[in-house]
Structures are given as structure tokens and as C-alpha cells.
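Here is a friendly tour for anyone who would like to find their way around this chain. Please keep the viewer open as you read.

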Amino acid sequence: MRISLAWLEAECGTALDPAATALLLDEAGAEADVAGDRAIEVIAPPAFAHLVSVRGAGAEIKARLGLPSDIGNPAGFAAVHVVVGGPVRVPPREEEWLRDSEVTLSGTVTDVLAFVAIETGVRVAGHVEADGTLVLSAEGSGGHTAVARAAALLTAWSGAVVTKEVLPAAEAPRRITVTPERMRHLLGPGLDADTAVEALGRGGIRAVRRPDGVLVVTVPSGRSDLDGPEAVAAEVVRLRGGYRAVAASRLLPIRPPREDQQRKVRDLTRDAAVRFGLRQVVTPVLDRADGTGPIVVSGRTGLRHLQVRHSLVEPLVRLGTGHLFEIGAVPESAVPGDERFRFCAVLAGPVAEATLVDPAPRQAVFADLVALAELLARVHGRGEWDFVPAPHPGFDEEVSFSLVAGGTKLGRAGRLSEVDGYGLEVDLCALSALDRVRRTVRMPEDEPLSFNVTVVVPDRTPVADVRAVVAQAADAPLWRVAVKDLFRGGTGRLSLTLCVAFPGVPGEAVRSQRRRRREAVLPVIVEHGWEGR
């Protein structure tokens, strides 16, 4: 979610540096990046969902900077019935906050709901009843407070009138008790209950120390992640500005591991190859020495004439005919870790097993290799792959190509020179380094209206001419005029029934629209010397 920096400054009551603010939120367990001059992009795992809101992020920043924070659970409502008085006029300051957060203003209740969602992290839902009353409600922790906030903003920004307030069911505040022994076990001897009370207070969480040393924590309504002593101890450590070694029994991780993009690319490639019908194999890393590889083995007797493989094509070709693929590492040098993962596929021989229905299945052709490349490009979503003619060792010079995507060379493909088949090799490390390309999705159109018209023409009249005349007269695209029925009698006449589809006009009766279009077509048919009905 994108949050306006000016909004955060108003919440914290002090000026904030964008880079320093993003670093503070990163240390709190979220992934924050500076977005432009006046906004911060924040992504948080479910354990720290409260950080994806102005109030949650503001409370975290104030706790880490030592600023005073509000403690307590504000009153709220389970539902509020309001009558909207007119258009929503967002004040200039709040309007600037919303625009910095990439919210498009519409002058409706949607502006208020978007404001509350960014401020509290809770999405308030609204539906209109039969009498025109707008009912606001929300689910989850913090929903009652968000509903009250949305009703207050509607009253202030649009002159709405609250007609009914539904109080939430009485619920005792949730409390967590931590004994001194448990606290020492989780936090170590250097942090006691008094230190925990002071740290939790800075984060807006009410906590007291009883005379017997037991820590009692009152959990705010919006902090469903605080569900036990381990979570309380982790919150104390986090609010103090550092990650100490909390007990191994802690359930929630401080920060989830980052996704390995290269491993994800290898998994997607393997699944796509299996769906295509290829069989996965593994070839030896040590290969026969031919003087072309980067690492030649010269050691004990028996390993003197071997080298580390520099490609996956040659080992697969030596396995014979078949539809095979391999995903493996190819070293670039003798430096440990200097290797690149590649995907290689060989298509040789028949595309299916011989059966009684098809005793002689066709052999693999170059179109099968192109289909495999298109499948891989579509699965990874990093742009289309182009086949650029270029010579490569192991491939026929007449059918040898370089695979290129977005100006980056990904590998090679073509007809193999040693066997009757086709091969493809892709550098998966180079593929994972490419940016994903967003695809444009065409939204479905509304169902068009249609009417039928029958045209009787001479037997030798082209059907395409009849469709063109009807499309022009009906003011409809040619592709929306289809032949629904055709009858050829013995009198040299051809009867065509055409279905004409056209976009409807909102607010006008469907029958009148069909009649108007049909009456416009019939005179034109008569002008061409045809019969129409």
C-alpha cells in the first residue's frame, strides 16, 4: 500500500525523512521503499498487518523515535445508518494525502471509505437499503473503530445525518499475563517487567506490573497478532529497536525469508516442461574433454581426460532419440559458486507412442520447438521470445537461432547436427533477471442486441456482398453480421437469413431498437433489387 509521507508526519506530529522512515518500517518487519518524493510503499506479512496503515505505521515510528503515543481503545460501532446529504468534498489537506497515496477522487462515499482504509487498515463496507439509507459496517479487529471514523468523516465532508448507531456486543478486553520467570526466560535477565511496561507504552499498548511482579498486558482491538507471552516478548524487543535472541519457542517469525526468484523460475520451467510432455533426466557434470570447456580436470588416473560440462545440449544428445529435458548448473569458471542454471530440451523421434489407431505417429518438427518456447515465455511473463538467426555449435547452420527477450540473449535453439531432432537451451539466470511484463487484459463487453433479416438474392450473388450491404445499412461492424441460415431452391434463388448484432442504447426499449435497425435495412435491400423480410 502507498502511504502519503505528509499524512504520516501529521500522525506522528514531526517531520520525517523518507529514507529514514522506510528504514524504520523495514526494521519493524515490513518491506518499505520510498515511492517518489512524498510517499512510501509498504508491504507487510500477516504477522505485522497493522504496519500497512497510517495509524499502525505512525504508532511504530513514534515508539522507535521515543515520541508520545495514545494508549487505549477508542469507542466504535458495529454498524452506522446514515443519510448522505450531498457530494463528498474532501478538505484540501486530506485531498493532497489521498492523491499522494494514488487514490483517484470521485466526490462520492468511495473517497471516505478509501481514506478510512488507508488510515486504519480496515476496509469499511457500505450498502444502500430500500429507503435510501447507507449502512456502514466492517469485520475483523479494529472494524468498530473504523466504522465510527467513516461515519464522522461523512458527517463532516458531506453533511450526512446519522440516523442509527448499532453498538457492538459487550466483550471483555483481552489480557495476557506473563510471570517474572517466563519474562526472564524470553527476554533474558537484562529486561524486566518495568522495562516491558515502558516499551509497550511507547507503542500504544497498555501494560501494568502487579505487586507480585506479573506483567498484565491489555491487547488493543487492532492487534490480533498479540496472542501470547511469546508475541508480547517479541513486541517488547521490537519496540526497543533491536532484535534480541528470543526463545526458540516463539511462533511468529520477525521477518519472513525473501523469495528466491531463481528457484521460482526453475520450478516454473520444470512444471511447464512436464505439462508439455517432456521427460526429465540428469546427466553427469563431468564430460569428455574436447578442449572447449572452462574447467579441465587433470588429477588422478582415470580423470585426466574429463572436463566439467559447459553445456547441457551435448549430454542430452548422446542419450539418443526422445523428448527429454534437464535443468542443471553449468560452471563458468573454477571459482566456487560461479555457475549458471540452464534449461535444455531435446525433441527427437515420434511425438507419441505407436498405437492401433495411429501406428505411425508423426516425427517432431520445428513447430513443436516453437510451441515449447512460446509456452515458457507465457509461463514466466517476461516478454515474448524472438528467434534471431545466428550460428551455434551443435546446431545446423541453416536452422540455428538465438533466443532473445527484451534485447537480452537467453539462449539458443534450432535443428541438432548430430541427431535428427531439435534442441533448445535457455539461461535461467538471465531469464530471472528480466522484469515481468504486465499483459493488457481486454475487459468483457456487454452482451449486444441482435435482430434477424432474410434476404432473397440471385443464386450467383456473393454472400460477402450481401453481408456488407446489410452491415452498412444497419450501422454495425461487418464481423457482427453472421449467416444464420441458408436455403437454395430450384428457381435460381438463394435465401439468406442473417443475424445482425449491435450495441444497445441504455434507456431505450430493446424492441424499438431492433425495429429501428431492421426498418433501416429493408429499404436498402429493395434498392439493390433483392427481396427482404
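Which residues line the largest cavity? They are V313, E314, V317, G394, L416, S417 and E418. The sections below start with how far to trust the coordinates, then come back to this cavity before moving through the sheets.

## Confidence in the model

Please bear in mind that this is a predicted model. The average pLDDT for the chain is 82, and 88% of the residues score at least 70. Among the elements of the chain, strand β20 (residues 421-427) has the highest mean pLDDT, 93, while strand β13 (residues 296-297) has the lowest, 58.

One stretch calls for care: over residues 243-252 the pLDDT falls below 50. In the model this stretch still has 20 contacts beyond near neighbours in sequence. Where pLDDT is low, the predicted coordinates should not be read in detail.

## The cavity

Rolling a probe the size of a water molecule over the atoms shows where empty space is left. How many cavities of 30 Å³ or more are there? The count comes to one cavity of 30 Å³ or more, and the largest cavity holds about 60 Å³ of space.

Helix α11 (residues 313-317) gives the most to the lining of the largest cavity, with three residues. In chemical terms, the lining of the largest cavity divides into three nonpolar, two polar and two charged residues. If you would like to find it on screen, V313, V317 and L416 are among the lining residues to pick out.

## The N-terminal strands

Strands of a sheet pair through backbone hydrogen bonds, either parallel or antiparallel. Strand β3 (residues 39-43) runs antiparallel to strand β1 (residues 2-4), joined to β1 by three bridges. Strand β2 (residues 31-34) also runs antiparallel to β3, with four bridges between β2 and β3.

I40 in β3 is a handy landmark here. I40 is the bridge partner of I3, and V34 stands opposite I40 as well. The hairpin of β2 and β3 has four residues between the strands, and G36 takes a positive phi near 75° there.

## A three-stranded sheet

Further along the chain, an open sheet of three strands has the order β8-β10-β9, with antiparallel pairing. β8 (175-178) and β9 (206-209) are the edge strands, each pairing on one side only. From one strand to the next, the twist averages 20°.

β9 pairs with strand β10 (residues 215-218) in the antiparallel sense over four bridges. Within that pairing, T218 in β10 is the bridge partner of R206. Helix α9 (residues 229-239) lies across β8 and β10, and α9 runs at about 85° to β8.

## Around I327

I327 is found in strand β15 (residues 322-331). Which residues does I327 touch, leaving aside those up to four places away in sequence? The contacts are R266, T269, R270, R342, F343 and L428.

C344 is also worth a look in the viewer. I327 and C344 are 17 residues apart along the chain, and their C-alpha atoms are separated by 6.6 Å.

## A four-stranded sheet and its helices

An open sheet of four strands, again with antiparallel pairing, has the order β22-β23-β21-β24. The edge strands, each of which pairs on one side only, are β22 (481-488) and β24 (531-532). Strand β21 (residues 449-458) pairs with β24 in the antiparallel sense over two bridges, and V456 stands opposite E531 in β24.

Which strands does helix α14 (residues 463-474) lie across? α14 lies across β21, β22 and β23 (493-502), running at about 40° to β23. Helix α15 (residues 510-527) lies across β21, β23 and β24, and α15 runs at about 20° to β21.

Terms used:
Residues are numbered from 1 along each chain as its sequence is written. This is a predicted model: local features need pLDDT of at least 70, side-chain atom pairs count only at pLDDT 80 or more; totals for chains, interfaces and linings use all residues. Side-chain values use heavy atoms; hydrogens and water are left out. On a 1 Å grid over the protein atoms alone, a cavity is a set of points where a 1.4 Å probe fits but cannot get out, and a pocket is an open set with protein on both sides within 12 Å along at least five of seven lines; lining residues have an atom within 4 Å of a point. Grid points are joined across faces, edges and corners, and a volume is the space filled by probe spheres set on the points. Ala, Val, Leu, Ile, Met, Phe, Trp, Tyr, Cys and Pro count as nonpolar, Asp, Glu, Lys and Arg as charged, and the others, Gly among them, as polar. Two strands pair if DSSP finds at least two bridges between them. Axes are lines fitted to C-alpha atoms, for helices over the stretch in contact, and angles run from 0 to 180 degrees between N-to-C directions. Contact means heavy atoms within 4.5 Å. pLDDT is the predictor's confidence in each residue, from 0 to 100.
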